[in-house]
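Got your viewer open? Load the model below and keep the selection box handy.

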Amino acid sequence: MNRNVLNRPSISNQHPDSYSSFTAPCSKLRASLGFTLIEIMVVIVILGILAGLIVPRLTDKPEKARVVKAELQIESLITALKEFKLDNGFYPTTEQGLQALVSKPSIGRTPRNYPPDGYLSKIPKDPWGNEYIYISPGEHGDFDLMSLGADGEEGGEGFDADITSWELE
C-alpha cells in the first residue's frame with residue numbers, strides 16, 4: 001500500500017527542520033498540562049509563611065477583646081459604686097459585696113437613700129465566667145475591684161494577668 005494514499009506526511013520527504021514542527025506542539029502541550037512538583041512545593045511554602053505571620057495575629061484578638069471588656073465592666077462597676085457612695089455616704093462593705101448594687105443590703109450598714117431599682121440590674125461575671133472580686137475598704141483605695149484574668153488565679157502575665165480597678169484609674 002502506498003503511504004501517500006493515506007495522506008500521511010513523510011519525514012524523509014520534508015525539510016530537516018520540519019521534524020521540529022512535530023515535536024514543538026508536544027513540548028508546548030506538556031508545558032501547559034500542569035505544575036511541576038517544585039512549583040507546587042514553592043506555593044505551599046509561601047502559604048505556610050503567610051499563615052505563620054497572619055494566624056497568630058488573628059488568634060489573640062478574642063483574648064484582647066475579653067481584656068477590654070473586663071476593663072469596661074470594672075469601670076462600669078466603679079461608676080455604680082461611686083453613685084452608691086454619693087447617695088449613702090459609704091461604699092458597700094466586703095460582706096455586702098457587689099450585690100449591694102443590685103438589691104438593698106440587709107446586712108451591715110443599711111443605706112438610707114437606696115433607689116427602688118438599685119444601681120445595676122445584675123452584676124456581670126468577667127469575660128472568662130468568674131466573679132469580680134470586691135474588697136472594701138481596699139488596700140489601694142476606698143475599695144479594690146478586680147478580675148483574675150484568663151487563668152482565674154491571682155497574678156499572671158499577658159492575658160492571665162489580673163485586671164484591677166487601681167491600675168485603670
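What follows is a short walk from one selection to the next.

**Stop 1: colour by confidence.** This is a predicted model, so start with pLDDT. The protein chain has a mean of 82, with 78% of its residues at 70 or more. Select residues 19–32 to see the low end: helix α1 has the lowest confidence, at a mean of 55. Then jump to residues 133–135, strand β1, where confidence is highest, at 95.

**Stop 2: the sheet.** Stay on β1 and add the other strands. You get an open sheet of 3 strands in the order β1-β2-β3, with antiparallel pairing. β1 and β3 (163–164) are the edge strands, and each pairs on one side only. Now zoom in on β1 and strand β2 (residues 144–147), which are held in antiparallel pairing over 3 bridges. Show Ile133 and look across to β2: which residue stands opposite Ile133 there? The one to label is Met146.

**Stop 3: the helix across the sheet.** Select residues 61–88. This is helix α3, which lies across β1, β2 and β3. Against β2, the helix runs at about 155 degrees.

**Stop 4: a residue in β3.** Pick Thr164, which sits in strand β3. Is Thr164 buried or exposed? Thr164 counts as buried because its relative accessibility is 5%, below the 20% cut-off. Beyond its neighbours within four places in sequence, Thr164 is in contact with Ile74, Leu145 and Met146, so keep the Met146 label from Stop 2 switched on. Show the side chain of Glu167 as well: a polar contact of 3.2 Å links it to the side chain of Thr164.

**Stop 5: charged pairs.** Side chains of opposite charge can pair when their charged atoms come close. How many salt bridges does a search of the whole structure find? The count is 2.

- Go back to helix α3 and select Arg66 and Glu63, whose side chains form a salt bridge at 2.6 Å, N to O. Both residues are in that helix, 3 residues apart, or about one turn. Arg66 counts as partly exposed because its relative accessibility is 31%.
- Next, select Glu131 and Lys125. These two form a salt bridge, with the closest N and O atoms 3.5 Å apart. Lys125 also has a label to add: partly exposed, because its relative accessibility is 45%.

Terms used:
Residues numbered from 1 in each chain as written. Predicted model: local features only at pLDDT ≥ 70, side-chain atom pairs only at ≥ 80, totals over all residues. Heavy atoms only, no water. pLDDT = per-residue confidence, 0-100. Helix = DSSP H or I, 4+ residues; strand = E, 2+ residues; numbered from the N terminus. Pairing = 2+ DSSP bridges. Contact = heavy atoms within 4.5 Å. Axes fitted to C-alpha atoms, helices over the stretch in contact; angles between N-to-C directions. Salt bridge = Lys/Arg side-chain N within 4 Å of Asp/Glu carboxyl O. Buried < 20%, exposed > 50% of the residue type's maximum accessible area, 1.4 Å probe, protein only. Polar contact = N/O pair within 3.5 Å; in protein donor to acceptor, adjacent residues only side chain to side chain.
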